[in-house]
Amino acid sequence: MMLIRYLGRRTLGASAYAGALVLLGREIFAAFFVGQPRWKLIPAHILDVGARSQLVVMVTGAFTGAVFAAQTFFQFHELGMDSAVGPVVAISMCRELGPVLTGLMVAGRVGAAMSSEIGTMKVTEQIDALRALAVHPIDYLVIPRLLAVMVSMPLLVGLCIAFGILSGYFVGVKLLGIQSAYFMSNLLAFTDWSDVMMGLVKGFFFGIVIAVVSCHKGLTAAEGAVGVGRAATSAVVASSLGILIINFFLTLVLNFVFSA
Amino acid sequence: MITVRNLVKRMGSQEVLKGVDLEVHDGETLVVVGRSGCGKSVLLRHLVGLLQPTSGEVLVDGENIVGLDERQLAAIRRKVGILFQGGALFDSMTVEENVAFPLREQGVRDPAELRRRVDEAIEVVDLAGTGAKMPDALSGGMRKRVALARSIIGSPSHILYDEPTTGLDPVVSDSINHLIRRLQKRLRVTSVVVTHDMKSAFHVADRVAYLHEGKIYFLGSVDALRASTDPQILDFIEGRSGETDE
């Protein structure tokens with residue numbers, strides 16, 4: 001009985017949360033038509049979200065590609081399939097590892113910052129001050145951040161993919177002795193632009209998840225420092241879970257789209 | 001003019017306002033006093049649409065603002081300046097940027113005009129020379145002055161003050177009271193001041209409303225309040241809790 005009650009409560013909570021996100025999404029959508037989004041704020045947010053996330057994304061991509069190349073080599077070498085390492089690394093980086101890892105890194109770095117910044121503004125009445133000055137928080141706070149993440153994420157995913165493949169090449173060819181010509185020819189033969197596009201499109205949608213979830217957590221932060229801390233933590237958790245869940249559905253849809 | 005009719009506000013299971021009726025005349029300063037937690041700030045927030053009531057009406061210059069959404073409220077909010085309890089300055093902006101914010105949002109782009117009006121507003125609140133400072137570098141009283149400069153720069157016809165002297169030492173409180181009075185004379189705005197500081201109330205008020213248990217218990221002139229023999233009002237004015245040391 002206790003378990004059923006617990007599960008029921010959690011289900012209701014999750015449904016209410018999903019509903020709140022949809023309502024925020026509706027407000028954001030409407031703001032593009034009836035609001036006055038502050039376009040001038042977007043470059044500053046792109047600098048913050050995109051440019052300042054480059055290093056972490058490059059390191060993540062490089063080491064993931066390196067590890068993946070090494071692991072693949074050790075398994076494939078037994079079967080004499082060394083030259084398959086290139087395409088396996090490239091396709092994995094493009095389709096899954098690049099976008100998902102970039103999404104998770106950006107959710108951790110940017111999502112937490114976004115939600116705690118907006119949450120602090122809420123608990124110190126700065127958002128009420130905005131409203132009192134006839135400035136809609138969606139126009140001023142949410143849309144510039146959302147657009148900045150939507151622009152930055154595909155670029156960051158591209159960076160992650162590029163560094164993953166480069167480091168995979170370095171580990172496979174320079175360290176483990178795979179023939180460069182075989183590595184490259186197989187990589188180019190089996191990797192298609194649709195693989196890269198899939199990663200970039202996923203990054204775009206992951207960006208929407210990160211921005212909407214993080215802004216929502218900030219806007220609904222409870223009073224006090226504890227509330228802001230909780231908002232930041234739950235923004236990271238919810239964005240990360242959102243990315244992993246939406247990734248499954250995007251994989252199904254995008255495979256259908258790009259194979260058509 | 002601001003008119004409040006039968007305003008009821010429930011927050012969770014608690015009924016904070018239980019049918020408030022109030023009229024603030026053009027050009028007057030009405031001070032709403034009452035004990036901490038009696039709903040003064042909640043009432044104030046309804047006057048600019050930051051909170052929506054459970055029932056009742058709030059009319060600003062004859063327009064009922066209850067039920068309007070954020071975008072519909074924008075036109076009304078441009079007529080009303082509000083000073084928040086903690087100032088609510090934007091902490092990522094300098095004093096100058098904070099004060100200029102409402103003008104920029106109203107579309108003023110000319111740097112010379114912006115400079116002139118910001119300097120003027122900062123001077124009115126006696127803070128000349130602090131324009132480049134960040135809010136963190138200011139004292140509580142200075143922050144409230146900057147917030148006040150931000151509230152008046154858009155030339156509102158109404159100004160709402162939420163606990164303008166709370167947390168300030170007596171000397172700074174006195175200077176804020178003088179400032180409110182000076183603004184009143186200079187700008188001829190309609191003002192609503194929410195406070196539990198009776199000294200401040202007596203200093204700035206044209207009329208006083210005493211909010212008690214979610215309703216207006218007393219409404220009248222400062223002299224009428226001073227002359228009141230109602231034990232409830234006397235206890236509040238003289239700060240008597242009814243408790244003893246024993």
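Which element gives the largest share of the lining of the second largest pocket? The legends below take up this question and others on a predicted model.

**View 1. The second largest pocket has a volume of about 590 Å³.** Its lining has 22 residues, and those closest to the centre are Glu27(A), Arg131(A), Pro137(A), Leu219(A) and Glu70(B). Elements that give two or more residues are H1, H4, H5, H6 and H8 of chain A, together with H2 of chain B. The largest share comes from H1(A), with 5 residues. By class, the lining has 9 nonpolar, 3 polar and 10 charged residues.

**View 2. A salt bridge pairs Arg131(A) with Glu70(B).** The closest N and O atoms are 2.7 Å apart. Arg131(A) lies in helix H5 of chain A and Glu70(B) in helix H2 of chain B, so the pair joins two chains. Is Arg131(A) buried or exposed? Arg131(A) is buried, because its relative accessible area is 15% and buried means under 20%. Glu70(B) is partly exposed, at 22%. Both residues belong to a network of salt bridges, which also includes Glu125(A), Asp128(A), Arg45(B) and Arg77(B). Side chains of opposite charge can pair when their charged atoms come close.

**View 3. The largest pocket has a volume of about 1,200 Å³.** It is lined by 49 residues. Nearest its centre lie Leu41(A), Tyr140(A), Met93(B), Phe101(B) and Glu105(B). Chain A supplies at least two residues from each of H2, H4, H5 and H6. Chain B does so from each of S6, H3 and H5. H4(A) gives the most, with 7 residues. The lining divides into 24 nonpolar, 10 polar and 15 charged residues.

**View 4. The model has 1 cavity of 30 Å³ or more.** Its volume is about 60 Å³. From chain A, Ala129(A), Ala132(A) and Leu133(A) line this cavity. From chain B, the lining includes Val80(B), Gly81(B), Ile82(B) and Phe84(B). Ala147(B), Arg150(B) and Ser151(B) line it too. H5 of chain A, with S6 and H5 of chain B, each supply at least two of the lining residues. What classes do the residues fall into? There are 7 nonpolar, 2 polar and 1 charged.

**View 5. Strand S9 of chain B is mostly covered.** It spans residues 207-212, and 6 of its 6 residues are buried. One side carries Arg207(B), Ala209(B) and Leu211(B). The other carries Val208(B), Tyr210(B) and His212(B). S9(B) runs parallel to S3(B), joined by 4 bridges. There, Val31(B) stands opposite Val208(B). S9(B) runs antiparallel to S10(B), joined by 6 bridges. Here, Ala209(B) stands opposite Leu219(B). S9(B) and S10(B) form a hairpin with 2 residues between them. In the turn, Glu213(B) has a positive phi of about 50°.

**View 6. Arg181(B) and Asp206(B) meet in a salt bridge.** The distance is 3.1 Å, N to O. The pair links distant parts of the chain, 25 residues apart. Arg181(B) sits in helix H6 of chain B, and Asp206(B) in the loop between H7 and S9. Arg181(B) is partly exposed at 23% relative accessibility. Asp206(B) is also partly exposed, at 31%.

**View 7. Arg52(A) and Asp48(A) meet in a salt bridge.** The side chains are 3.4 Å apart, N to O. Asp48(A) counts as partly exposed, at 32% relative accessibility. Over all chains, the count comes to 23 salt bridges.

How values were computed
Residues numbered from 1 in each chain as written. Chains lettered and ligands numbered in written order. Predicted model: local features only at pLDDT ≥ 70, side-chain atom pairs only at ≥ 80, totals over all residues. Heavy atoms only, no water. 1 Å grid on protein atoms, 1.4 Å probe; cavity = no way out; pocket = protein on both sides within 12 Å on 5 of 7 lines; lining within 4 Å. Points joined across faces, edges and corners; volume = space filled by probe spheres on them. Nonpolar A, V, L, I, M, F, W, Y, C, P; charged D, E, K, R; others polar. Buried < 20%, exposed > 50% of the residue type's maximum accessible area, 1.4 Å probe, protein only. Pairing = 2+ DSSP bridges. Salt bridge = Lys/Arg side-chain N within 4 Å of Asp/Glu carboxyl O.
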